[in-house]
Each structure stands twice: as C-alpha cells, then as structure tokens.
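Hi,

Here is the structure I promised to pass on. Could you open it alongside this email and follow the notes below?

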Amino acid sequence: MDLPSAVTALKLKAANSWWDDVNDSRLWQDRTFHVLAALYGLVAAVALVQLVRIQLRVPEYGWTTQKVFHFLNFLVNGVRCLVFVFRRNVQKLHPDILQHILLDMPSLAFFTTYALLVLFWAEIYYQARAVSTDGLRPSFFTINAVVYVIQIALWLVLCWKPIRVVMILSKMFFAGVSLFAALGFLLYGGRLFLMLQRFPVESKGRRKKLQEVGYVTTICFTCFLIRCIMMCFNAFDKAADLDVLDHPVLNFVYYLLVEILPSSLVLFILRKLPPKRGITQYHPIR
C-alpha cells in the first residue's frame, strides 16, 4: 500500500473509531437525547404561547383550524419532549411494541397536524374558485382514520408475533404516509401559490401570503420527503435504526430535520394573529 492510501485508511479508521465511541458513549447518548428534549420543549412552549395569544385575540370563536393546528403542535412536541427526557426508560419497556408506540405515535400526530394545514389550504383554494368544499373535511377525517387503523393493526400484529417482515411493513407504511403528505403539500400548496401569483391586485398582504405559502410548502414538502427516505433506510438497514439508544447522532440529525426545524420555521412563518373582525377564513372544527 502506498503512502497516500495508508494515510486515507488511517483517517477512515479514526473517523469510524470516533463515530463508534460517540454511539457507544452513555454520556453522549444522554446528552443528545436531553438536548432533543429541550428543543422539543421549546417548540411546544412556543406553540402553546401562540395558541393562548390567538384565544385572547378571538375568544368569541371556537376551535378554529388555526387553534387546532397550534394545539396539535403543542401536543406532538410536548409528548416528544417527555419521551426523550425518559428515553433510557422507554428503551427498557416490555413488550418491545410499547417502545414503538411511544416513538411512533407522535409521528402519526405530526402527520395529522400538518395534514390539517393541507386541508386549510385546500378549503381556501376551492372557496376562491367557487367550488364546494363539503367533501374536504370528511375526506380529512377518513384518511386519518384509515392511517391510524392500519398502523394500530400493524402494532397489534407485532405484539402478537414480532417478526421482522411486519416491522419492515410498519416502517414502509409510514414512509408511504410521509410521501402522501409531501405530495399533498406539493399539490395544494402549489395550487394556492399559483392562484395567488395570478391574483390581479398587487398588495402587501398578497405578497406576504404568497411568501408564506411558498415557504411553508417548501419546508413541509422537504421534511416529509426526508422522513420518507429515512424510513426506507430505517426499514432495511440496521445502521440507520432510529429506535435504539446507540445511534444518538443519527437520532439528533433525523429529528432535527424532520420535526424540530420544520415546526419551528412554520410556527415562525404563521405567527401572525387573526384579525378581530371580519374573519371568513377561520372555520370551527365540527
């Protein structure tokens, strides 16, 4: 072996050794999961504060789409925070299916939270085109019900007979759900963006709404697409397993990219409070 090749081999060996040391270090594991818990707790607090601000601004309205969106964000991030605070205890739960439920249920709730945003945009788009929106909310509830029923059925099968094939099916199913969400944002976010772009009246409000829709569509499409790709690797490659303690760096990067960063950015972009009067775009959840 020549000198450059030997140097490269030594560098790779050192990098692998560092990576293994980090993964196997109890200190690194605990610190990483506690940092994740702190970040999730911060996002949950921001969502809760925004929910309270909206309620104080428009107390006469019930559970509007905007309020439910912020409440679900608070719920998802709050549960994630608690799971990562007690991550080592979660790993000790038996049967193992309890671990998967605690780690995966917030992901399903995250899907519901942002599917609600797609629903909101779809309603705005069809109302602007004078098309009936009567079927949108039933479709939203039906899609979510089907997703939860299938995932719960897979959990029950895993509880009864924990075989690898079912585990792979469960992860691939969630990859498919994530891809479905990404396409939903691309479809309705893209449609709403193009409709606003063609709007004849040029105004500051129109430009802000155009930027808002464009940014949120890009962020959410990207985060769900990354989740889809990562879940595919997670299903077949043990080195990409997210449900174990000894992959702290992978967990940190994954949850930062697919939940913490997107949630933070979306909450910041959608921080504007609704007007006190003349609200037509905020509909109570019935």
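First, a term you will meet throughout: buried means under 20% relative accessible area, exposed means over 50%, and partly exposed is anything in between, with a 1.4 Å probe and protein chains only. This is a predicted model, so local features need pLDDT of at least 70 and side-chain atom pairs count only at pLDDT 80 or more, while totals for chains, interfaces and linings use all residues. Residues are numbered from 1 along each chain as its sequence is written, and side-chain values use heavy atoms, with hydrogens and water left out.

Let me start with the salt bridges, meaning a side-chain nitrogen of Lys or Arg within 4 Å of a carboxyl oxygen of Asp or Glu. The structure holds six of them. Helices here are DSSP runs (H or I, at least four residues), numbered from the N terminus.

One salt bridge joins the side chains of R26 and D30, at 4.0 Å from N to O. Both residues lie in helix 2 (residues 26-57), four residues apart, or about one turn of the helix. R26 is exposed, with a relative accessible area of 52%, whereas D30 is partly exposed at 24%.

Helix 8 (residues 204-236) has a pair of its own: E212 and K209 form a salt bridge at 3.0 Å, N to O. They are three residues apart in that helix, which puts about one helical turn between them. K209 is partly exposed at 36% relative accessibility, while E212 is buried at 16%. Returning to R26 and D30, salt bridges with shared partners join these two and R88 into one network.

A further salt bridge pairs E123 with R137, with the closest N and O atoms 2.8 Å apart. This pair links distant parts of the chain, as E123 is in helix 5 and R137 is in helix 6, 14 residues away. Both E123 and R137 are buried.

Helix 6 deserves a look in its own right. It covers residues 136-160, 25 residues in total, and reaches 36 Å from its first C-alpha to its last, close to the expected 36 Å (1.5 Å times one less than the number of residues). Its buried residues include F140, N144, V147 and W155. The buried residues of helix 6 pack against helix 3 (65-85), helix 5 (97-128) and helix 7 (164-197), with contact taken as heavy atoms within 4.5 Å.

On annotation, the unreviewed UniProt entry lists several spans as "transmembrane region", among them 33-56 and 173-194. UniProt positions are in the numbering used here, feature names are shortened, and annotations may be inferred rather than shown by experiment. In the model, residues 33-56 are 100% helix and 0% strand, with end C-alpha atoms 34 Å apart. Residues 173-194 are also 100% helix and 0% strand, and their end C-alpha atoms lie 31 Å apart.

G214 lies in helix 8 and counts as buried at 18% relative accessibility. Its C-alpha is separated by 7.7 Å from that of G190, 24 residues away along the chain.

All the best

Note on methods: Helix = DSSP H or I, 4+ residues; strand = E, 2+ residues; numbered from the N terminus.
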